[in-house]
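Open the model in a viewer and keep the selection panel at hand. The stops below are meant to be taken in order.

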Amino acid sequence: MSSKIIAIANQKGGVGKTTTCVNLGIGLARNGKRVLLVDADAQGSMTASLGIQEPDELENSLVNILEKVLNDEIIEPEKCVLRHQEGVDFIAANIELAGLETSLVNVMSRETVLRQLLTPFREKYDYILIDCMPSLGMLTINALVAADETLIPVEAAYLPVKGLQQLLKTIGRVRRKLNPSLKIMGILITKVDRRTVFARDIIEQLREAYEEHIHICRNCIPLSVRAAETTAEGKSIFLHDPKGIVAQGYLDLTEEVLGYEK
């Protein structure tokens, strides 16, 4: 299989992008895949979730490496990449990334900087997962241009579902103008409280509105405080709560993603 880059994107915060990026990535690694996770969010949530307590003190974060791309300097991949105990490599992010987004506006081919950075990494990894920031700014556009596919986590609630239209329009624009091969891997419904009729109604509405054109992942990710706790622990749900419903949800998602290879 050639390397696959997946952008995990939604302009709405709190829908489970980071949790999905970390747990899907580690799920793939547990299946013997070589996985690189890229934190493309200045909040550094993914970096914190992987156990980096002080991301602002890192010498090599995504912002430093992107600056090297912008200045046509040589990138040494081994110096950019950190290793997590559960078998994934990752490129960290910190608050400095917010400043880079502003400066990208004046750069030639500004939408392709992340793609240029990730091209050499394709040979080393089976999957590269990008955790996008909760906006449709220049870094998210960069992630969509770099990606082969995008996975869209959507919380089972009214407003996040409503905001989906805007994201789909942006993906359509990127496909038409910058990355014609970009596909939508699917919509992943997250934070599902299975006890409520409301959650079931939202899922039904999503399926009615989009299923004809966009794949909706077979399994939803249930609502659970155990998933939120993993961020503080610096480890995946598979170690934190291996028998829980969220771990099962991400195992099912991993199997679904691996199924696309066949």
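The tour goes from a strand to a helix, then to two loops, the cysteines and the nonpolar cores.

This is a predicted model, in which local features need pLDDT of at least 70 and side-chain atom pairs count only at pLDDT 80 or more, while totals for chains, interfaces and linings use all residues. Residues are numbered from 1 along each chain as its sequence is written, and side-chain values use heavy atoms, with hydrogens and water left out.

**Strand β2**

Select residues 35–40, which form strand β2. Helices (H or I, at least four residues) and strands (E, at least two) are DSSP runs, numbered from the N terminus. Of the 6 residues in β2, 6 are buried. Buried means under 20% relative accessible area, exposed means over 50%, and partly exposed lies in between (1.4 Å probe, protein chains only). One side of the strand carries Val35, Leu37 and Asp39, and the other carries Leu36, Val38 and Ala40; both faces are covered.

Add residues 127–132, strand β5, which runs parallel to β2 and is joined to it by 6 bridges. Two strands pair if DSSP finds at least two bridges between them. Ala40 stands opposite Cys132 of β5. Now add β4, residues 89–91, also parallel to β2 and joined to it by 3 bridges. Here Val38 has Ile91 as its bridge partner.

**Helix α3 and the loop after it**

Select residues 62–70 for α3. Its buried residues are Leu62, Val63, Asn64, Ile65, Leu66 and Val69. What covers them? Among the elements in contact (heavy atoms within 4.5 Å) are β2, α4, β4, α5 (96–104), α6 (113–118) and α7 (138–146).

Just after α3, go to Asp72, which takes a positive phi of about 55°. Most residues other than glycine have a negative phi. Asp72 sits in the loop that leads from α3 to α4 (77–80), and is exposed, with a relative accessible area of 72%.

**A second positive phi**

Move to Lys191, in the loop between β7 (183–190) and α10 (197–210). Lys191 is not a glycine either, yet has a positive phi of about 55°. Is this residue buried or partly exposed? Lys191 is partly exposed, at 34% relative accessible area.

**Cysteines**

Select the cysteines. How many disulfides does the structure hold? There are 0, a disulfide being a pair of cysteine sulfur atoms within 2.5 Å. Cys80 is unbonded because the closest cysteine sulfur, in Cys21, is 17 Å from its own, too far for a bond. Cys80 counts as buried, at 5% relative accessibility. For Cys217 the closest cysteine sulfur is that of Cys220, 8.8 Å away, which is also too far for a bond. Cys217 counts as buried too, at 2% relative accessibility.

**Nonpolar cores**

A nonpolar core is a set of buried Ala, Val, Leu, Ile, Met, Phe, Trp, Tyr and Cys residues joined through side-chain atoms within 4.5 Å. Select Leu118 and Ile130: of the 57 residues in the largest core, these two touch the most other members. Helix α7 gives the most to this core, with 7 residues. Around Leu118, show Ile5, Val38, Ile128, Ile130 and Ala146, which Leu118 touches when residues up to four places away in sequence are not counted. Last, select Leu28, Leu37, Met46 and Val88, which are among the 31 residues of another core, apart from the largest one.
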